[in-house]
Amino acid sequence: MPESLREKGRTDTQVIHSMQRTKEVSLLRLGVTGIISRENKSHFFSMEIPGSERAQFIQYTFDAKLGFEGKDVVIKEAGDNTFDVAIPEFKFIGYDHPEYRVVVDQNGALSFGTQQIDTLDMVNNILTDKAKKEYVDSNRDILEEQAKSFYTSIVQSVSPDTKLNFIFKQAEGS
């Protein structure tokens, strides 16, 4: 066990049950911070009961990684010391350093009859497929620029006169 995890009176036993090599190329890391909120209120018939509200605000931060599957890149000779580089669809690769903190937890005087707010459910709804797609879509120009820079620097370090043409696959439905 790593020295940093050893403490007096504390143990942590882990078993790594699988390992998979990936060929993902991470081109961009986004530092994301936000606040998500949820409110619940009790109703009697269709009228809201005053003082029955519950509200919770959670602040979150994480580093999102965007890129593509490196194994799906196709490089073909196009003649005259020129190559076509087909870059696959950009994707949300993963995230690091997640932190979640309840910053406000309000309960009205009559909130005992109001459904509790599920903090874990709120946290689980921060990184939806839709949110991941929006991170990729809103940073597409930078991702394309980074992909060009990445492959151009590799190729030109070996053959400075080689020219590259880039073809970027668009996400389905974009």
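This report describes the strands and helices of one predicted model and how they are arranged.

Residues are numbered from 1 along each chain as its sequence is written, and in this predicted model local features need pLDDT of at least 70, side-chain atom pairs count only at pLDDT 80 or more, and totals for chains, interfaces and linings use all residues. Side-chain values use heavy atoms, with hydrogens and water left out.

Strands (DSSP runs of E, at least two residues) and helices (runs of H or I, at least four residues) are numbered from the N terminus, and two strands pair if DSSP finds at least two bridges between them. An open sheet of three strands has the order β1-β4-β7 with antiparallel pairing; its edge strands, β1 (24–40) and β7 (91–107), each pair on one side only. Two pairings, one from this sheet and one between β6 and β8, are set out below.

| Pair | Sense | Bridges | A bridge partner pair |
|---|---|---|---|
| β1 and β4 (residues 54–69) | antiparallel | 16 bridges | I36 with I58 in β4 |
| β6 (residues 82–87) and β8 | parallel | six bridges | I87 with F168 in β8 |

Helix α2 (residues 129–138) lies across β1, β4 and β7, running at about 120° to β7, whereas helix α3 (residues 140–158) lies across β1 and β4 and runs at about 160° to β1; contact means heavy atoms within 4.5 Å, and angles run from 0 to 180 degrees between the N-to-C directions of axes fitted to C-alpha atoms, for helices over the stretch in contact.

In a regular strand the side chains alternate between the two faces of the sheet. Along β8 (residues 163–168), L164, F166 and F168 point to one face and are buried (under 20% relative accessible area, with a 1.4 Å probe and protein chains only, where exposed is over 50% and partly exposed in between), while K163, N165 and I167 point to the other face and are not buried.
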